[in-house]
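Me: I'd like to go through this one with you, a bit at a time. Can you take my questions as they come?

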Amino acid sequence: MAKEIIVSTTETIPGRKIVEVLGVVKGNTVKTRNVGVDIGAGLKNLVGGEVKSYTSMMTQSREEAYNRMINQAIELGADAVVGVRFMTAMIMMGASEMLSYGTAVKLAWYF
């Protein structure tokens, strides 16, 4: 059975106390565009609207980066990851990196 990790963009978890900081955890992926998608996007640019193929690619990238971050937290024995953020950067023409990062922590219950 997979361990359940609490993930939050906030610095704390309500009702829980951070008792140990295990360190920064991160996950990333780099994706490239393909010619077929670029042609469709170019046509969409003429009429406007969402480029669903790019949206799908970014969604997949975000999920991969997020899952890699969570797996790193599980390897450290974390109960939660706080302060989670996403970042993207262009690596080269046509290739982008998606990065997910946060702080892996151990938690205790408030008494």
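What follows is a set of short questions and replies about this predicted model.

Me: Let's start with the fold. In what order do the elements of the protein chain run from the N terminus on?

Reply: The chain has two helices and four strands to place. Reading from the N terminus on, the order is β-β-α-α-β-β.

Me: And the overall packing: what share of the residues is buried?

Reply: Buried here means under 20% relative accessible area. The protein chain has 111 residues, and the buried part of them comes to 30%.

Me: Looking at contacts between residues at least 6 apart in sequence, what percentage join residues at least 24 apart?

Reply: A contact means heavy atoms within 4.5 Å. Take the contacts between residues at least 6 apart in sequence, then keep those that join residues at least 24 apart: that gives 75%.

Me: What about the surface? How much of the exposed area do carbon and sulfur atoms supply?

Reply: The protein chain exposes about 7,300 Å². Of that area, the part from carbon and sulfur atoms is 59%.

Me: On to the salt bridges. Which residue pairs with glutamate 11?

Reply: A search of the whole structure turns up three salt bridges. Glutamate 11 sits in the loop between strand 1 (6-7) and strand 2, with its partner in strand 3 (residues 80-92), so the pair ties together parts that are 74 residues apart in sequence. The N to O distance is 3.9 Å, and the partner is arginine 85.

Me: Is arginine 85 buried, partly exposed or exposed?

Reply: Buried would need under 20% relative accessible area and exposed over 50%. Arginine 85 has a relative accessible area of 35%, so the label is partly exposed.

Me: How far apart are the closest N and O atoms of lysine 31 and glutamate 64?

Reply: Lysine 31 forms a salt bridge with glutamate 64. This pair links distant parts of the chain, with lysine 31 in strand 2 and glutamate 64 in helix 2, 33 residues apart. Lysine 31 is partly exposed at 23% relative accessible area, and glutamate 64 is also partly exposed, at 26%. Their closest N and O atoms are separated by 3.0 Å.

Me: Which residues are joined into one network by salt bridges that share partners?

Reply: Glutamate 64 forms a salt bridge with arginine 68 too, at 3.9 Å between the closest N and O atoms. Both of these lie in helix 2, four residues apart, about one turn of the helix, and arginine 68 is partly exposed at 42% relative accessibility. Bridges with shared partners therefore make one network of Lys31, Glu64 and Arg68.

Me: Does anything show up inside? What is the volume of the largest cavity?

Reply: The whole-structure search finds one cavity of 30 Å³ or more. Its lining includes Lys31 from that network, along with Thr29, Met58 and Ser61 among others. The volume is about 30 Å³.

Me: Which element gives the most to the lining of the largest cavity?

Reply: Strand 2 (16-32), helix 2 (52-76) and strand 4 (95-109) each supply at least two residues. By type, the lining divides into two nonpolar, four polar and two charged residues. With three residues, the top contributor is strand 4.

Me: Back to helix 2. How far is glutamate 63 from asparagine 28, C-alpha to C-alpha?

Reply: Glutamate 63 is found in helix 2 and is partly exposed, with a relative accessible area of 44%. Along the sequence, glutamate 63 and asparagine 28 are 35 residues apart. In space their C-alpha atoms are separated by 9.6 Å.

Me: One more in that helix. Is alanine 73 buried or exposed?

Reply: Alanine 73 lies in helix 2 and touches Val25, Ala78, Val81 and Ala104, leaving aside residues up to four places away in sequence. The C-alpha atom of valine 105, 32 residues away along the chain, is 8.4 Å from that of alanine 73. With a relative accessible area of 0%, alanine 73 is buried.

Definitions and conventions:
Residues are numbered from 1 along each chain as its sequence is written. This is a predicted model: local features need pLDDT of at least 70, side-chain atom pairs count only at pLDDT 80 or more; totals for chains, interfaces and linings use all residues. Side-chain values use heavy atoms; hydrogens and water are left out. On a 1 Å grid over the protein atoms alone, a cavity is a set of points where a 1.4 Å probe fits but cannot get out, and a pocket is an open set with protein on both sides within 12 Å along at least five of seven lines; lining residues have an atom within 4 Å of a point. Grid points are joined across faces, edges and corners, and a volume is the space filled by probe spheres set on the points. Ala, Val, Leu, Ile, Met, Phe, Trp, Tyr, Cys and Pro count as nonpolar, Asp, Glu, Lys and Arg as charged, and the others, Gly among them, as polar. A salt bridge is a side-chain nitrogen of Lys or Arg within 4 Å of a carboxyl oxygen of Asp or Glu. Buried means under 20% relative accessible area, exposed over 50%, partly exposed in between (1.4 Å probe, protein chains only). Accessible areas come from the Shrake-Rupley method with a 1.4 Å probe; for residues, only the protein chains shown count as cover.
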